[in-house]
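Work through the exercises below with the model open. Each task is followed by a solution in steps.

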Amino acid sequence: MRVIFPILLTFVALSLLPSIETKRPGKGRGLKGAKQKFTQERLRMKALRRQSRSGLSGVDTPNCSERTQSGEIYVDCQDQRLTSIPSSSAWSRVPKHLLLARNQIKALRDGSFLGYESLSSLDLQQNQISQVEEGAFQGLTHLTTLLLQHNRLRTLSEEALIPMPNLRYLRLYDNPWKCLCPMESLIRTLQVPSNRNLGNHAKCAEPISLKNRKLKQIDPELLCEELDPNINITQSIEPSPIRGKSDATTLCHTYIFPLTWMDCRNRGLTEVPSGIPDNVVRVDLSHNKIHHLKPRDFQGARSLRILNLSNNNMERLDTGSLSGLLHLHELDLSSNGLHFVQYGVLEDLYFLSNLKLGGNPWVCDYNIHYMVYWLRLHPGVKHSGLLCQSPLEYIGKRVEDYMHSYNRECPRDRQLSRPDQNQRDAELWGTPMELQGEVEEELEPSHLRAPQKYQIFRLA
């Protein structure tokens, strides 16, 4: 007891020092500053106790990687089955970016990120987070990006955001938000005009009267009003809007390391989703059911450099479907159902360097000529998989070899080898269908026409 009593006395004296210091003249902090400092110290002690318990039990020992990208330190702890936030002392260098996506974290406790004061981005998406205590983000004064999408959050206090004065990007969508009175302060904060990148696309899951309404658009005044039991709540349900294109930010997972990219694989998509952010560098749309690319499908995706459209059973690419992708470097069209590529589809791809074309049933006839001529005019494009799958005489041959043999053969000889086709053509002489064919030939760009070595005259 003689030893314990002096230790307790010393601890009490040290805990009183902050409040004594605030009363000194000239400091100007007041009771509010003392309270805030005491709260921070309390959170720090709680975090240290929690981390020490975690260290002693050997639970959640991270097996993460530390990487450097553009001079900044990234700690990658994705897919590690973590149930709590690792201690900052586990890293050899101070991280600027902490990636904790796809783990099993269920709650963010007070002081969870003490020691991570230098963070500028924090990725917590695709966990099981259902609770965030008000002091969870204490100390993250430099944080600009916080990703909390694809979790189980039903409510969140505005107080939790106060320790992050520099927050510019906050992702909250795909959470079952319960839009009642406890959410009022948060929703008011999200709707401030200067917070235009906080909470976009997040929607209410309940009550029924507000289901699928965006947090940015609902009236905060309605959240704290008591519902009259005599009112039929179904009367306030708005009619379902006309179904439009799916939104990429809500359907796909967005990652920030090692570059900003969207994972849209295996989503059952039948068309390219809208709203791909202009800062996304890579989009993976493989293993969906997108059979047809339409004009302006990638409008706004100005920074896109890598695009994967493989394994979609795609049959057609319209002219203009890739327009605007001026900085695209890699395009994967493999394992689809393409027979040829429409004239003009590739014209905007000035910086393309890698084109994957394997696994498509390419038909080696006149329609394939555009692809070959485009590749000849862009020798810096590395391509693979351009093999004929029909007709029978060219199966397995490179399309370039087909073109070489096509240019060697006499067109008249090719016509004589198919008398039935000539007979059918004779029946069409002077008809609108023959005229249409002649017009289509005239519309073909001159630089894509095969050299005319022979002239063929039709005699009545």
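**Exercise 1. Determine the handedness of the Cys364–Cys388 link, then place both cysteines in the fold**.

Solution.
- Step 1. The torsion about the S-S bond is -90°, and the link of Cys364 and Cys388 is left-handed. The model is a predicted one.
- Step 2. The sulfur atoms of Cys364 and Cys388 are 1.8 Å apart.
- Step 3. Cys364 lies in the loop between strand E19 (362–363) and H5, while Cys388 is in strand E21 (residues 388–390), so the disulfide ties together parts 24 residues apart in sequence.
- Step 4. Buried means under 20% relative accessible area. Cys364, at 4%, therefore counts as buried. Cys388 is buried too, at 0%.

**Exercise 2. Find the disulfides of Cys179 and Cys181, and state which partner each has**.

Solution.
- Step 1. A search of the whole structure gives five disulfides.
- Step 2. Cys179 pairs with Cys204, with the sulfur atoms 1.9 Å apart. Cys179 sits in the loop between strand E9 (177–178) and helix H3 (184–190), and Cys204 in strand E10 (residues 204–206), 25 residues apart.
- Step 3. The torsion of the Cys179–Cys204 link is -95°, and the link is left-handed. Both cysteines are buried.
- Step 4. Cys181 is joined to Cys224, S to S 2.0 Å. The torsion here is about 85°, so this disulfide is right-handed.
- Step 5. Cys181 lies in the loop between E9 and H3, and Cys224 in the loop between E10 and helix H4 (248–251), so parts 43 residues apart in sequence are tied together.
- Step 6. Cys181 is partly exposed at 37% relative accessibility, and Cys224 is partly exposed at 34%.
- Step 7. With the bonded cysteines numbered in sequence order, the pairing reads 1-2, 3-5, 4-6, 7-8, 9-10.

**Exercise 3. Locate the salt bridges of Arg109 and Asp278, and say which parts of the chain they connect**.

Solution.
- Step 1. The structure holds 11 salt bridges.
- Step 2. Arg109 pairs with Glu133, the closest N and O atoms being 3.2 Å apart. Arg109 is in the loop between strand E4 (107–108) and strand E5 (121–123), and Glu133 in the loop between strand E6 (131–132) and strand E7 (145–147), 24 residues apart.
- Step 3. Asp278 pairs with Arg302, with closest N and O atoms 2.9 Å apart. Asp278 is in the loop between strand E12 (261–263) and strand E13 (282–284), and Arg302 in the loop between strand E14 (292–293) and strand E15 (306–308), so this pair ties together parts 24 residues apart in sequence.
- Step 4. Asp278 is partly exposed, at 40%. Exposed means over 50%, so Arg302 counts as exposed at 51%.
- Step 5. A network of salt bridges links Glu184, Arg188 and Glu221.

**Exercise 4. Describe the largest nonpolar core and the surroundings of Phe298**.

Solution.
- Step 1. The largest nonpolar core has 48 residues. Leu285, Phe298, Leu307, Leu322 and Leu331 have the most contacts inside it.
- Step 2. Helix H5 (369–377) and helix H6 (399–408) are the elements that give two or more residues to this core. H5 gives the most, with six residues.
- Step 3. Leaving aside neighbours within four places in sequence, Phe298 is in contact with residues including Val272, Ile276, Leu285, Leu307 and Ser321.
- Step 4. Another core lies apart from this one; it has 44 residues, among them Ile129, Ala136, Leu167 and Cys179.

Key. Residues are numbered from 1 along each chain as its sequence is written. This is a predicted model: local features need pLDDT of at least 70, side-chain atom pairs count only at pLDDT 80 or more; totals for chains, interfaces and linings use all residues. Side-chain values use heavy atoms; hydrogens and water are left out. A salt bridge is a side-chain nitrogen of Lys or Arg within 4 Å of a carboxyl oxygen of Asp or Glu. Helices (H or I, at least four residues) and strands (E, at least two) are DSSP runs, numbered from the N terminus. Buried means under 20% relative accessible area, exposed over 50%, partly exposed in between (1.4 Å probe, protein chains only). A nonpolar core is a set of buried Ala, Val, Leu, Ile, Met, Phe, Trp, Tyr and Cys residues joined through side-chain atoms within 4.5 Å. Contact means heavy atoms within 4.5 Å. A disulfide is a pair of cysteine sulfur atoms within 2.5 Å.
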